[in-house]
Amino acid sequence: MSELQPILSYFYHWESTTPEAPFLYQPQGKEWFTLTYRQAGEEVRQIAAALQARGLAPGTHVGIISKNCYHWILADLAITMAGYVSVPFFPNLAPRQLAEVIRLSDIRLLFAGKLETWHPEAIPEAVEIVSFPHYPGNVRIAEGTAWEELRARHPALRGNPLPDLDDLWTVLFTSGTTGTPKGVMLAHRAAAVILANEQENHDLGIFRLPEHRFFSFLPLNHVAERISVETACLLTGGTISFGESIATFGQNLRDTQPTFFFAVPRIWSKFQGAVLAKLPPRRLATLLRIPLLGPALKKRLRSAMGLSRAGVILTGAAPTPENLKQWYLGLGLYLREVYGMTETSGAVTVMPWEELRPGSVGKPLSGVEVRIDPENDELCVRLPWRMEGYYQDPELTARVLRDGWLHTGDKARVDEDGFVYIIGRVKDSFKTAKGKYVAPAPIEEGMASNDLVDQVCVVGSGLAQPLALVVLSEYGRTQDRTAVEGLLAGTLGEVNRELPAYARLSTLVLFTEEWTVENEMLTPTLKIRRSRVDERFGSHYGEWFNRKEDLVWA
């Protein structure tokens, strides 16, 4: 492995060697605003100088709350250049949640930018606010100092200051799936080692791409987006494009045609639903089998999705149903599963290029060791880019980091070929009235194999048999109810045949209301909040079970 350098050093390299090369693309209606490496450097250096002029001590925590946009990247680079620690937050947090993470983070200054909602009441008076230039279609932020005002006041910072590799780079707060968000501390070394490892071993294949065009739409405060888009772009001298809004997302992606694309299963399901809404499954399958027409249709669909030039396509953050991966494979798009967590800088396993192993999240990346705890089947990992610990929580850090191994909290198994299979969260397993423990994840994955299904949550603590709460997909909501019931009853039978008697689903409870971040059924990373599901629907579990029906409409 070559000599490690902080990621910021690569930005300086492109700023000086390819100053007029495009770096950031921001859509503005039908036009795209382009920022070169030179222009980005000038702006970053002015903001870095403005931060230092505030007299903040080295290592001070500085926050960012904004949807993805080019100012997000510039603010993040300026924080590092000025010698501070970047602490980004999810842009869609409710006031109570935002107040909580700000309290936990100890930030002294907050960059606030492209937001659909803004909650200044959640920001303590002691925290200075710097507002990004206004993005049309989003709220205006009147509080604090304007970004452009800071730029006008301060000349660009000179020189190329670099952090020490062991200095703290960022604190990333988890999405709070299991309760209070945890502040994961990552050093500059973590990002540097991951990307140096990828350069040497090509596990993902980023550095073998002929071009490096990234499209950033998953929250940039999520570790996977931060590492695989922001830092990978800086290392390769590539470009990052952004989406303007949900309404323009598809067109923005089509305009970009990225060479690297990472999305969570829910996004892949949405893409599929959009296709099936126009071409129902049987008609699509028939058309794809027709000589000449089939290959042309595949090419057209890939282009319409914005993925005609994507050489590395990844899926992760939650289990991706096998039927979904096979559907994309039928279009010539190879969705490779990746697995990681914030505590591991998002990187533990990836599906190898040469093999799609059903049900697996792939093999450990080069340099990663895995073992299974014999007591509870928990996956434990040892890797050179793990977190430093949880911010101001040494007790929890000690529980997760033991004897050099990081305990992931995921139940797993490893087959004889080294492929890793995630069975579910250790804490998600529940005990039925029969005294048997049920792991929800494999059952949920089985039910999600039906195109009519968007989201599944298996529940049943204290019941004789578990239930599955099923949210219909966009395609499923357009179908006749009788047809939906018949098809889902068939899937229920298939799933139950593979399960031991105590784990078989007694009932499917069908929902047409989508579970979203806004109604707090999903985390900002689009994972189901099981505690919220229990809180909202738990009083009905017994009633639904006692109806003794295979399917119940909620």
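How far apart are the end C-alpha atoms of helix H9 (residues 265–278), and what span should its 14 residues have? I started my notebook with that one, keeping in mind that this is a predicted model.

**Entry 1: helix H9**

I looked up the ends of H9 and found the C-alpha atoms 21 Å apart. At 1.5 Å a residue, the 14 residues should span 20 Å, so the two values agree. Next I checked how covered the helix is: ten of its 14 residues are buried. Among them are Pro265, Ile267, Trp268, Phe271 and Leu276. I was pleased to meet two of these again, since Trp268 and Phe271 belong to one aromatic cluster. The other members of that cluster are Phe215, Phe217, Phe249, Phe261, Trp327 and Tyr328.

**Entry 2: aromatic pairs**

I wanted to know how many aromatic pairs there are, and the count is 25. The first I opened was Phe132 with Trp147, an edge-to-face pair with 5.4 Å between the centres and 85 degrees between the planes. Phe132 sits in the loop between strand E6 (128–131) and strand E7 (145–146), while Trp147 is in helix H5 (residues 147–153). These two residues are 15 apart, and their pair links distant parts of the chain. Are they buried or exposed? Phe132 counts as buried because its relative accessibility is 7%, and Trp147 is buried at 0%.

Then I turned to Phe214 and Phe260. Their ring centres are 5.5 Å apart and the planes meet at 50 degrees, so I noted this pair as tilted. Phe214 lies in strand E10 (residues 213–216) and Phe260 in strand E12 (residues 260–263), 46 residues apart. Both of these rings belong to buried residues: Phe214 has a relative accessible area of 0%, and Phe260 comes to 1%.

**Entry 3: charges over rings**

Which rings have an arginine over them? I found Arg357 over the face of Phe419, 4.0 Å from the ring centre. I also found the charged end of Arg481 over the ring of Trp553, 3.8 Å from its centre.

**Entry 4: a hairpin**

My last stop was strand E17 (residues 369–372) and strand E18 (residues 378–382), which pair in the antiparallel sense over four bridges. I picked out one bridge to look at in the model: Glu369 has Arg382 in E18 as its partner. The two strands form a hairpin with five residues between them. In the turn I marked Asp377, which has a positive phi of about 60 degrees.

Methods
Residues numbered from 1 in each chain as written. Predicted model: local features only at pLDDT ≥ 70, side-chain atom pairs only at ≥ 80, totals over all residues. Heavy atoms only, no water. Phe/Tyr/Trp six-rings, centres within 6.5 Å; stacked < 30°, edge-to-face > 60°. Buried < 20%, exposed > 50% of the residue type's maximum accessible area, 1.4 Å probe, protein only. Lys NZ or Arg CZ within 6 Å of the ring centre and 35° of its normal. Pairing = 2+ DSSP bridges. Expected span 1.5 Å × (residues − 1).
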